[in-house]
Amino acid sequence: MNAVLKQPDLNLRPMAETDISDVLQIEHAAYAFPWNRNIFRGCLRENYCCRVVELDGGIAGYAIMSTGVDEAHLLNLCVDPGYHRTGLGDVLLNTMLDYARKQEAITTFLEVRPSNKAARRFYEKRGFVEVGLRANYYPAKFGREDAIIMAREMV
Ligand SMILES: CC(C)(COP(=O)(O)OP(=O)(O)OC[C@H]1O[C@@H](n2cnc3c(N)ncnc32)[C@H](O)[C@@H]1OP(=O)(O)O)[C@@H](O)C(=O)NCCC(=O)NCCS
(Lines give C-alpha, C1' and ligand atoms only; values in the text may rest on other atoms or scores of the structure.)
Protein backbone atom coordinates (compact mmCIF):
# COMPACT_ATOMS: atom_id res chain seq x y z
CA MET A 1 0.00 0.00 0.00
CA ASN A 2 1.04 3.60 -0.65
CA ALA A 3 3.73 2.37 -3.07
CA VAL A 4 2.85 5.25 -5.32
CA LEU A 5 3.79 7.85 -2.73
CA LYS A 6 7.44 6.93 -3.22
CA GLN A 7 7.28 7.81 -6.92
CA PRO A 8 9.36 10.92 -7.63
CA ASP A 9 7.37 11.78 -10.75
CA LEU A 10 4.00 12.05 -8.99
CA ASN A 11 2.47 15.37 -10.02
CA LEU A 12 -0.75 16.97 -8.79
CA ARG A 13 -2.14 19.85 -10.79
CA PRO A 14 -5.39 21.60 -11.76
CA MET A 15 -7.45 19.82 -14.41
CA ALA A 16 -7.61 21.59 -17.79
CA GLU A 17 -10.22 21.25 -20.53
CA THR A 18 -7.55 19.48 -22.64
CA ASP A 19 -7.35 16.74 -19.97
CA ILE A 20 -10.99 15.73 -20.34
CA SER A 21 -10.41 13.05 -23.02
CA ASP A 22 -7.85 11.26 -20.80
CA VAL A 23 -10.07 11.72 -17.76
CA LEU A 24 -13.03 10.22 -19.64
CA GLN A 25 -11.03 7.09 -20.44
CA ILE A 26 -10.47 6.48 -16.72
CA GLU A 27 -14.06 7.46 -15.92
CA HIS A 28 -15.35 4.82 -18.37
CA ALA A 29 -12.95 2.18 -17.04
CA ALA A 30 -13.92 2.83 -13.41
CA TYR A 31 -17.69 3.41 -13.45
CA ALA A 32 -20.62 1.51 -14.97
CA PHE A 33 -22.43 4.86 -15.30
CA PRO A 34 -19.71 7.37 -16.14
CA TRP A 35 -19.99 11.15 -16.27
CA ASN A 36 -19.89 12.62 -19.78
CA ARG A 37 -17.69 15.36 -21.23
CA ASN A 38 -20.26 18.10 -20.57
CA ILE A 39 -20.36 17.32 -16.85
CA PHE A 40 -16.57 17.70 -16.59
CA ARG A 41 -16.70 20.88 -18.69
CA GLY A 42 -19.42 22.23 -16.41
CA CYS A 43 -17.32 21.57 -13.31
CA LEU A 44 -14.40 23.49 -14.85
CA ARG A 45 -16.65 26.38 -15.87
CA GLU A 46 -18.12 26.56 -12.36
CA ASN A 47 -14.56 26.86 -11.06
CA TYR A 48 -14.95 23.82 -8.87
CA CYS A 49 -11.72 22.48 -7.47
CA CYS A 50 -10.72 20.02 -10.24
CA ARG A 51 -7.39 18.23 -9.84
CA VAL A 52 -5.56 15.50 -11.72
CA VAL A 53 -2.71 13.36 -10.51
CA GLU A 54 -0.10 12.38 -13.07
CA LEU A 55 2.14 9.36 -12.85
CA ASP A 56 4.34 7.56 -15.38
CA GLY A 57 3.76 10.44 -17.81
CA GLY A 58 -0.03 10.27 -17.83
CA ILE A 59 -3.13 11.05 -15.81
CA ALA A 60 -3.77 8.31 -13.25
CA GLY A 61 -6.64 9.85 -11.28
CA TYR A 62 -8.68 12.95 -10.60
CA ALA A 63 -10.98 14.55 -8.07
CA ILE A 64 -13.59 17.31 -8.13
CA MET A 65 -14.97 19.31 -5.22
CA SER A 66 -17.45 22.17 -4.88
CA THR A 67 -17.58 24.42 -1.85
CA GLY A 68 -20.29 26.63 -0.38
CA VAL A 69 -20.90 28.30 2.95
CA ASP A 70 -19.43 25.99 5.63
CA GLU A 71 -19.71 22.93 3.34
CA ALA A 72 -17.62 21.10 0.78
CA HIS A 73 -18.94 18.42 -1.57
CA LEU A 74 -16.65 15.81 -3.02
CA LEU A 75 -18.34 15.24 -6.38
CA ASN A 76 -15.94 12.74 -7.94
CA LEU A 77 -12.77 10.96 -6.92
CA CYS A 78 -11.47 8.32 -9.26
CA VAL A 79 -8.25 6.39 -9.75
CA ASP A 80 -7.31 4.48 -12.90
CA PRO A 81 -8.12 0.81 -12.07
CA GLY A 82 -4.52 -0.08 -12.98
CA TYR A 83 -3.37 1.95 -9.97
CA HIS A 84 -5.94 0.94 -7.37
CA ARG A 85 -4.64 0.28 -3.85
CA THR A 86 -1.34 2.00 -4.41
CA GLY A 87 -2.15 5.12 -2.38
CA LEU A 88 -3.29 7.42 -5.17
CA GLY A 89 -6.82 7.67 -3.74
CA ASP A 90 -5.31 8.93 -0.51
CA VAL A 91 -3.18 11.50 -2.34
CA LEU A 92 -6.26 12.85 -4.09
CA LEU A 93 -8.50 12.76 -1.01
CA ASN A 94 -5.92 14.57 1.14
CA THR A 95 -5.53 17.23 -1.54
CA MET A 96 -9.28 17.83 -1.62
CA LEU A 97 -9.61 17.88 2.17
CA ASP A 98 -6.79 20.46 2.33
CA TYR A 99 -8.69 22.56 -0.18
CA ALA A 100 -11.90 22.22 1.85
CA ARG A 101 -10.07 23.40 4.98
CA LYS A 102 -8.62 26.39 3.13
CA GLN A 103 -12.17 27.30 2.06
CA GLU A 104 -13.14 27.08 5.76
CA ALA A 105 -15.57 24.24 5.21
CA ILE A 106 -16.85 22.79 8.47
CA THR A 107 -18.14 19.56 6.89
CA THR A 108 -17.27 17.66 3.72
CA PHE A 109 -20.05 15.60 2.17
CA LEU A 110 -20.08 12.97 -0.56
CA GLU A 111 -22.47 10.42 -2.04
CA VAL A 112 -21.60 6.81 -2.70
CA ARG A 113 -23.48 3.80 -4.00
CA PRO A 114 -24.30 1.16 -1.37
CA SER A 115 -22.90 -1.41 -3.84
CA ASN A 116 -19.54 0.42 -4.04
CA LYS A 117 -17.96 -1.47 -1.16
CA ALA A 118 -14.38 -0.40 -2.04
CA ALA A 119 -15.21 3.31 -1.93
CA ARG A 120 -17.29 2.97 1.25
CA ARG A 121 -14.42 1.19 2.97
CA PHE A 122 -11.95 3.76 1.62
CA TYR A 123 -13.97 6.70 3.00
CA GLU A 124 -14.82 5.00 6.31
CA LYS A 125 -11.14 4.39 7.00
CA ARG A 126 -10.56 8.10 6.40
CA GLY A 127 -13.07 9.37 8.92
CA PHE A 128 -16.26 9.66 6.87
CA VAL A 129 -19.47 8.43 8.48
CA GLU A 130 -22.86 7.65 6.97
CA VAL A 131 -25.30 10.48 7.71
CA GLY A 132 -28.22 9.84 5.36
CA LEU A 133 -29.67 8.31 2.24
CA ARG A 134 -30.89 9.77 -1.05
CA ALA A 135 -33.50 7.41 -2.46
CA ASN A 136 -33.22 6.37 -6.12
CA TYR A 137 -30.31 8.74 -6.69
CA TYR A 138 -28.20 6.81 -9.20
CA PRO A 139 -29.05 5.04 -12.46
CA ALA A 140 -28.55 1.29 -12.12
CA LYS A 141 -28.67 -1.80 -14.31
CA PHE A 142 -32.17 -2.57 -13.12
CA GLY A 143 -33.94 0.68 -12.17
CA ARG A 144 -32.26 3.01 -9.70
CA GLU A 145 -29.89 2.74 -6.75
CA ASP A 146 -29.94 4.83 -3.56
CA ALA A 147 -27.01 7.00 -2.54
CA ILE A 148 -25.47 6.84 0.91
CA ILE A 149 -24.52 10.33 2.10
CA MET A 150 -21.23 10.35 3.98
CA ALA A 151 -19.76 13.27 5.91
CA ARG A 152 -16.59 14.19 7.70
CA GLU A 153 -16.14 17.11 10.06
CA MET A 154 -13.09 19.17 9.12
CA VAL A 155 -11.76 19.78 12.65
C1 LIG B 1 -12.29 4.37 -4.10
C2 LIG B 1 -10.97 4.59 -4.83
C3 LIG B 1 -10.86 6.05 -5.20
C4 LIG B 1 -9.81 4.22 -3.89
O5 LIG B 1 -8.62 4.55 -4.56
P6 LIG B 1 -7.25 3.77 -4.29
O7 LIG B 1 -6.18 4.51 -5.01
O8 LIG B 1 -7.41 2.32 -4.57
O9 LIG B 1 -7.10 3.99 -2.73
P10 LIG B 1 -5.79 3.93 -1.86
O11 LIG B 1 -4.77 3.00 -2.44
O12 LIG B 1 -5.32 5.31 -1.53
O13 LIG B 1 -6.39 3.30 -0.51
C14 LIG B 1 -6.73 1.99 -0.52
C15 LIG B 1 -7.56 1.75 0.70
O16 LIG B 1 -8.93 1.97 0.40
C17 LIG B 1 -9.70 0.83 0.84
N18 LIG B 1 -10.05 0.04 -0.35
C19 LIG B 1 -9.80 0.36 -1.63
N20 LIG B 1 -10.28 -0.60 -2.46
C21 LIG B 1 -10.82 -1.54 -1.66
C22 LIG B 1 -11.47 -2.78 -1.91
N23 LIG B 1 -11.65 -3.24 -3.17
N24 LIG B 1 -11.93 -3.49 -0.85
C25 LIG B 1 -11.76 -3.04 0.40
N26 LIG B 1 -11.14 -1.88 0.71
C27 LIG B 1 -10.68 -1.14 -0.30
C28 LIG B 1 -8.77 0.05 1.77
O29 LIG B 1 -8.86 0.68 3.02
C30 LIG B 1 -7.42 0.31 1.14
O31 LIG B 1 -6.36 0.21 2.02
P32 LIG B 1 -5.47 -1.15 1.94
O33 LIG B 1 -5.06 -1.29 0.50
O34 LIG B 1 -4.35 -0.88 2.88
O35 LIG B 1 -6.40 -2.24 2.39
C36 LIG B 1 -10.85 3.68 -6.08
O37 LIG B 1 -11.24 2.38 -5.72
C38 LIG B 1 -11.63 4.15 -7.28
O39 LIG B 1 -11.20 5.02 -8.04
N40 LIG B 1 -12.83 3.54 -7.50
C41 LIG B 1 -13.64 3.86 -8.67
C42 LIG B 1 -14.25 5.22 -8.57
C43 LIG B 1 -15.08 5.36 -7.32
O44 LIG B 1 -15.86 4.48 -6.98
N45 LIG B 1 -14.93 6.51 -6.66
C46 LIG B 1 -15.67 6.84 -5.47
C47 LIG B 1 -17.00 7.38 -5.86
S48 LIG B 1 -17.89 7.90 -4.44
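In β7, arginine 144 is the bridge partner of proline 139. This pair belongs to a predicted model, where local features need pLDDT of at least 70, side-chain atom pairs count only at pLDDT 80 or more, and totals for chains, interfaces and linings use all residues. Residues are numbered from 1 along each chain as its sequence is written. Strands (E, at least two residues) and helices (H or I, at least four) are DSSP runs, numbered from the N terminus.

Staying with that corner, β6 and strand β7 (residues 144–153) run antiparallel and are joined by seven bridges. The two strands make a hairpin with four residues in between, and glycine 143 in the turn has a positive phi of about 85°. β6 lies largely in the open, because the number of buried residues among its 11 is zero; buried here takes 20 or more other C-beta atoms within 10 Å of a residue's own, exposed 12 or fewer, and partly exposed is in between, with C-beta atoms placed from the backbone.

Stepping back, the strands belong to an open sheet of seven, in the order β1-β2-β3-β4-β5-β7-β6 and with mixed pairing; two strands count as paired if DSSP finds at least two bridges between them. β1 (11–14) and β6 (129–139) are the edge strands, each pairing on one side only. From one strand to the next, the twist averages 25°, with axes being lines fitted to C-alpha atoms (for helices over the stretch in contact) and angles running from 0 to 180 degrees between N-to-C directions.

At the β1 edge, four bridges link β1 to strand β2 (residues 49–55), and the two run antiparallel. One of the contacts here has glutamate 54 in β2 as the bridge partner of asparagine 11.

Next come β3 and β4. Strand β3 (residues 58–67) runs antiparallel to β4, with seven bridges joining them, and tyrosine 62 sits opposite cysteine 78 in β4. These strands form a hairpin too, with three residues between them and a positive phi of about 70° at aspartate 70 in the turn. On to β5: β4 and β5 run parallel, joined by four bridges, and histidine 73 stands opposite phenylalanine 109 in β5.

And the ligand? Of the 20 residues around it, Gly89, Asp90, Ala118, Arg121 and Phe122 come nearest; a residue is near if its C-beta atom, placed from the backbone, lies within 6 Å. Two or more shell residues each come from β4 (71–79), α3 (88–102), β5 (107–112) and α4 (117–124). The largest share, four residues, is from α4.
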